[in-house]
Amino acid sequence: VVRELADLRMEQSKFEVSRTRKLDPDGAYGKDGKRYKFDASGIEEVEFLLSANPGEPLRPLVKVASGGEAARIMLALKKVLTQADYTPTLIFDEIDTGIGGRLGAVVGEKLWTLTDGHQVLCVTHLPQLASFGDKHFHVTKQIVNQRTTSHLTVLDQETTRITELAEMLGALGESGLESARALLTEAHQRKDQMVKEVELERQQPPF
């Protein structure tokens with residue numbers, strides 16, 4: 001998890017998992033013969049601890065992580081846990097909260113690597129992240145007969161996808177379209193490079 005966080009611009013972070021037990025005269029017996037409070041998840045209370053900056057003590061994640069930090073920690077955890085997790089579909093709803101454009105491409109790359117064995121759905125407003133999607137959908141809301149309905153449009157043409165990315169960048173002129181085109185090209189190149197790296201690793205003989 002710490003290695004993944006370093007890739008996500010949290011190089012100085014420390015992350016630990018705290019496991020504690022509480023004695024209970026009516027609880028379950030532990031290996032030490034003592035009785036502990038328990039629930040459906042077992043006899044230990046598990047808590048994630050984080051120190052995001054040097055010199056800060058480890059504290060409960062839910063109390064100290066900002067929105068952007070929480071999103072990156074969730075992504076790092078998912079990246080690590082999916083190695084042993086067989087959940088077929090992973091859904092990330094606005095994991096780009098608090099993340100700027102510089103980090104968007106890194107997050108997009110991380111999410112794309114999860115597609116090796118999982119279907120990944122991502123709701124995002126960040127074009128740098130969206131450019132890594134193998135499929136791009138545009139969602140709009142409309143009011144029909146005084147009811148709000150959602151409409152999904154598949155952007156299956158490169159021109160429509162570039163236009164959407166330009167709109168996400170907030171620049172629809174020629175310079176915006178050129179920037180969107182560059183984003184998409186860079187994402188394609190990076191994905192091709194990662195595929196080749198994985199293929200090379202699989203071709204290496206086992207030790």
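**A quick tour: patch, sheet and cores**

Okay, let's start with one residue, Val154, which you'll find in strand β9. Keep in mind that what we're looking at is a predicted model.

So how exposed is Val154? It's partly exposed, because its relative accessible area is 42%, and the range for that label runs between 20% and 50%. Val154 has company, too: together with Phe137, Val139 and Leu152 it makes a nonpolar surface patch of about 370 Å². Two strands are behind this, β8 (137-144) and β9 (147-154), and each supplies at least two residues of the patch.

Now, over to a sheet. It's an open one with 3 strands, in the order β1-β4-β5, and the pairing is antiparallel. β1 (14-20) and β5 (59-60) are the edge strands: each has a single partner, so one side of each has no neighbour in the sheet. Between β1 and β4 (residues 45-51) there are 7 bridges. If you want a spot to look at there, Phe15 sits opposite Leu50 in β4.

Next, the inside. The largest nonpolar core has 14 residues, and the ones touching the most other members are Leu75, Phe92, Ile95, Val107 and Leu111. Which elements give two or more residues to this core? Those are α3 (67-81), β6 (89-93) and α4 (101-113), with α4 giving the most, 4 residues.

Zoom in on Leu111 for a second. Skipping its neighbours within four places in sequence, Leu111 is in contact with Leu75, Phe92, Ile95, Val120, Cys122 and Leu129.

And apart from that core there's another, of 9 residues, including Leu5, Met10, Leu61 and Phe15. That's the Phe15 we just met opposite Leu50.

Conventions:
Residues numbered from 1 in each chain as written. Predicted model: local features only at pLDDT ≥ 70, side-chain atom pairs only at ≥ 80, totals over all residues. Heavy atoms only, no water. Patch = residues over 30% accessible without salt bridge, like charges linked within 9 Å, V, L, I, M, F, W, Y side chains within 5 Å. Areas by Shrake-Rupley, 256 points an atom, 1.4 Å probe, with all protein chains shown as cover. Salt bridge = Lys/Arg side-chain N within 4 Å of Asp/Glu carboxyl O. Buried < 20%, exposed > 50% of the residue type's maximum accessible area, 1.4 Å probe, protein only. Pairing = 2+ DSSP bridges. Core = buried A, V, L, I, M, F, W, Y, C linked by side-chain atoms within 4.5 Å. Contact = heavy atoms within 4.5 Å.
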